[in-house]
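This report describes the domains, the helix packing and some unusual backbone positions of one protein chain. Please consult the sequence and the structure while reading.

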Amino acid sequence: MKRILITGGGGFLGSHLSDRLIAEGNEVLCMDNFFTGSRMNIHHLLDHKNFELIRHDVTFPTYVEVDEIYNLACPASPVHYQFDPVQTTKTSVIGAINMLGLAKRLKIKILQASTSEVYGDPEIHPQPESYRGNVNPIGPRACYDEGKRCAETLFFDYHRQHDVKIKVMRIFNTYGPRMNQNDGRVVSNFIVQALKGKDITIYGNGKQTRSFCYVDDLIDGMYRLMNSRDSFTGPVNIGNPGEFTMLELAEKIIDLTGSKSKLVFQPLPQDDPLQRKPIIDMAKNELGWEPKVPLEEGLKKTIAYFETVI
């Protein structure tokens, strides 16, 4: 049994990771300030003997005794990370420094939940881990994009300078139950609008593409990365290489919900990437991982969840 710290443990991914780690027989110390996370995501775990909750902001130091750290703390949707961009950058950068310092002191492994946003609006498609990205450092998305890029820098510098055992994963679009219905992400937006019978908002012409990974697949990749050989640090893409346009996604959700929603088009936000698709050869070769849940199956499960919360 390991005692494992998850920062951002009350969030969408953090709560599913808590489920997985407890199912594997570990103790989970969940840390969250609940800026975007929710107690409802972990309500079913609050009385579990192997689960402990700390309300704490990762930008302040914390002193705990654990065996591993998953650093997931950071607002991850444009609506939330642009609400307080300075705090978003602090969460990525100061949060990384605090957690890396803890890992250094305890001599333990630490995993960073980075993002495909480090590739920006990519000029190479699909994106391999070797691609250095096309990011606007002064745009409205920079607080998140550059914050995560700086966090990756810190992880590799702590690894080289202090021999900290690190794992860095670049997460591509992920969806599933416990998504925040107001987070502005495309899957939750479309499902909520469809279930409420509202017009479905598509930005741009709807031909921009994304790759959608179901949350169970993503958490499996994260778990495999943490438990891979110490010499494998990443960064590694974890995502579903299936590529869909926004129009295809909207039409599929309308079909699955039986909604009468109409499509409405609005201007594309600044720096919104036109294409996003991972190359996952490294994950296949190093982790024996690839996604298993087809988009339609995952959407059905996600729609069923949103039907219970709307």
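In which loop is Pro 126 found? Pro 126 lies in the loop that runs between strand E5 (109-115) and helix H4 (142-162). The model under discussion is a predicted one.

## Unusual backbone positions

Most residues other than glycine have a negative phi, and most peptide bonds are trans. Three places in this chain may be read against that background.

The peptide bond that leads from His 125 to Pro 126 is cis, and its omega is near -10°. Another cis peptide bond links Gly 234 to Pro 235, with omega about 5°. Pro 235 belongs to the loop between helix H6 (215-226) and strand E11 (236-238). The third place concerns phi: Phe 34, a residue other than glycine, has a positive value near 60°. Phe 34 sits in the loop between strand E2 (27-32) and strand E3 (51-55).

## Domains

An unreviewed UniProt entry lists residues 5-302 under "domain: NAD(P)-binding". Over residues 5-302, helix makes up 36% of the chain and strand 17%, while the C-alpha atoms at the two ends are 27 Å apart.

The domain assignment of the chain gives two domains, each built from separate segments of the sequence. Domain 1 covers 3-174 + 215-238, and domain 2 covers 176-210 + 242-274 + 293-308. Between the C-alpha centres of domain 1 and domain 2 there is a distance of 25 Å. To the contact, domain 1 supplies 23 residues and domain 2 supplies 18 residues.

## Packing of H3 and H4

Helix H3 (residues 85-106) packs with H4, their axes coming within 9 Å and crossing at roughly 15°. Angles under 35 degrees count as roughly parallel, and H3 and H4 are therefore roughly parallel to each other. The crossing of H3 and H4 is right-handed.

Residues of H3 in this contact include Thr 88, Ser 92, Ala 96, Leu 100 and Lys 104. Among the residues they meet on H4 are Tyr 144, Lys 148, Ala 151, Phe 155 and His 162. By class, the contact of H3 with H4 has 12 nonpolar, 6 polar and 2 charged residues.

## Packing of H5 with H7 and H9

What is the angle between helix H5 (residues 186-195) and helix H7 (residues 246-257)? The angle is about 40°, and the axes of H5 and H7 are 10 Å apart. H5 and H7 are therefore oblique to each other. The crossing of H5 and H7 is right-handed. In this contact, H5 contributes Val 186, Val 187, Phe 190, Ile 191, Ala 194 and Leu 195, and H7 contributes Met 246, Leu 249, Ala 250, Ile 253 and Thr 257. These residues of H5 and H7 divide into 10 nonpolar, 1 polar and no charged.

H5 also packs with helix H9 (residues 295-309): the two axes come within 10 Å and cross at roughly 55°. H5 is therefore oblique to H9. H5 passes H9 in a right-handed crossing. On H5 the contact is made by Val 187, Ser 188, Ile 191, Val 192 and Leu 195, and on H9 by Leu 299, Thr 302, Ile 303, Phe 306 and Glu 307. The contact of H5 with H9 has 7 nonpolar, 2 polar and 1 charged residues.

Which residues of H5 meet both H7 and H9? They are Val 187, Ile 191 and Leu 195.

Notes: Residues numbered from 1 in each chain as written. Predicted model: local features only at pLDDT ≥ 70, side-chain atom pairs only at ≥ 80, totals over all residues. Heavy atoms only, no water. UniProt positions renumbered as here; feature names shortened; annotations may be inferred. Helix = DSSP H or I, 4+ residues; strand = E, 2+ residues; numbered from the N terminus. Axes fitted to C-alpha atoms, helices over the stretch in contact; angles between N-to-C directions. Parallel < 35°, antiparallel > 145°, perpendicular 65-115°, else oblique. Left-handed = near helix turned anticlockwise from the far one by under 90°. Contact = heavy atoms within 4.5 Å. Nonpolar A, V, L, I, M, F, W, Y, C, P; charged D, E, K, R; others polar. Domains from an automatic or database assignment.
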